Amino acid sequence: MIFEETKLAGVFLISAELHRDQRGFFARTWCTQEFQEHGLNPTLVQCSISFNRVKGTLRGIHYQAEPYPEAKLVRCTKGRLYDVALDLRPGSTTYKQWIAAELSEENHRALYIPEGCAHGFLTLEDNTEALYQMSEFYHAEGARGVRWNDPAFGIEWPAGVCVISERDQAYPDYGAK
C-alpha cells in the first residue's frame, strides 16, 4: 500500500499497489502493521457498505463524539465518489479545514479519516457503493454531524446535490452550536 498524508494531520489517501498478471490483479488493502507504522489506528471493529442509486447523492458530514470517536477507512467498490474529510479537532492546526479525494472502483484508493474528523461524500455516478471500515462500534448517542454546505467550512462540491437525508440537511450552522 502507498500512504500519502494529506494537508490534514492524520488523514491519509491510501493507494493499493496492484500486482497484475494474466488473471487480473491482486492488492493488499489492509495491514495492521503498515497502519501502525504510519501512526494510524489499526483497530477494526465494524464494516459497512453504502449503496447509492442516484448520482448526486450526498451522505454526511458525520462523526462520532466522545467517548466514542471513530477512525474510518473509506473505499469506493463500485462507481465514483467525491470523499471529504473535515478536521473538527479544536487543537489542530488545520481545524475546520477539509480535503477531498475522488475514490472509484478504477483507482482502488481509500481515504483514512482519524478520530476527531468528520466524513461525507457525494456520488459522481449512479449505482455507487462505498465500503467503510471503522475503529469503533456505532453508538447512536455519539452520532453527530455538520451541514454539507455550512459556510464555516466552505467545502467545494464538484456537482449538485440531488438526494440528501432530512437529518443531513437540517444540521445547524457550526458556529451556532
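In the predicted model, Glu34 is a buried residue, with a relative accessibility of 16%. This value places Glu34 in the buried class because that class comprises residues under 20% relative accessible area. The side chain of Glu34 engages that of Arg28 in a salt bridge, with an N to O distance of 3.6 Å. Arg28, by contrast, has a relative accessible area of 45% and is therefore partly exposed. The contact thus joins a buried carboxylate residue to a partly exposed arginine.

The pair formed by Glu34 and Arg28 belongs to a set of 8 salt bridges found in a search of the whole structure. Side chains of opposite charge can pair when their charged atoms come close.

A further group of these contacts is centred on Arg80, which is linked with Glu102 and Glu125 in a network of salt bridges. In the contact between Glu102 and Arg80, the closest N and O atoms lie 3.2 Å apart. This pair connects distant parts of the chain, since Glu102 lies in strand β9 (residues 98-104) and Arg80 in strand β8 (residues 80-87), with a separation of 22 residues. Arg80 also meets the side chain of Glu125 in a salt bridge, at 3.0 Å from N to O. Here too, distant parts of the chain are linked: Arg80 is in strand β8, whereas Glu125 occupies the loop between β11 (117-123) and β12 (128-134), 45 residues apart.

Each member of the network was also assessed for accessibility. Glu102 has a relative accessible area of 31% and is partly exposed. Arg80, at 25% relative accessibility, counts as partly exposed, and Glu125 falls in the partly exposed class at 29%.

Strand β10 (residues 109-113) is largely enclosed by the rest of the structure, because 4 of its 5 residues are buried. Strand β2 (residues 12-15) pairs with β10 in the antiparallel sense over 4 bridges. Within this pairing, Leu111 of β10 is the bridge partner of Leu13. Strand β7 (residues 72-78) likewise forms an antiparallel pairing with β10, over 4 bridges. Leu111 in β10 stands opposite Val74. Leu111 is accordingly a point of reference for two contacts, with Leu13 as a bridge partner and with Val74 opposite. Strand β10 is thus paired in the antiparallel sense with both β2 and β7.

Notes:
Residues numbered from 1 in each chain as written. Predicted model: local features only at pLDDT ≥ 70, side-chain atom pairs only at ≥ 80, totals over all residues. Heavy atoms only, no water. Buried < 20%, exposed > 50% of the residue type's maximum accessible area, 1.4 Å probe, protein only. Pairing = 2+ DSSP bridges. Salt bridge = Lys/Arg side-chain N within 4 Å of Asp/Glu carboxyl O.
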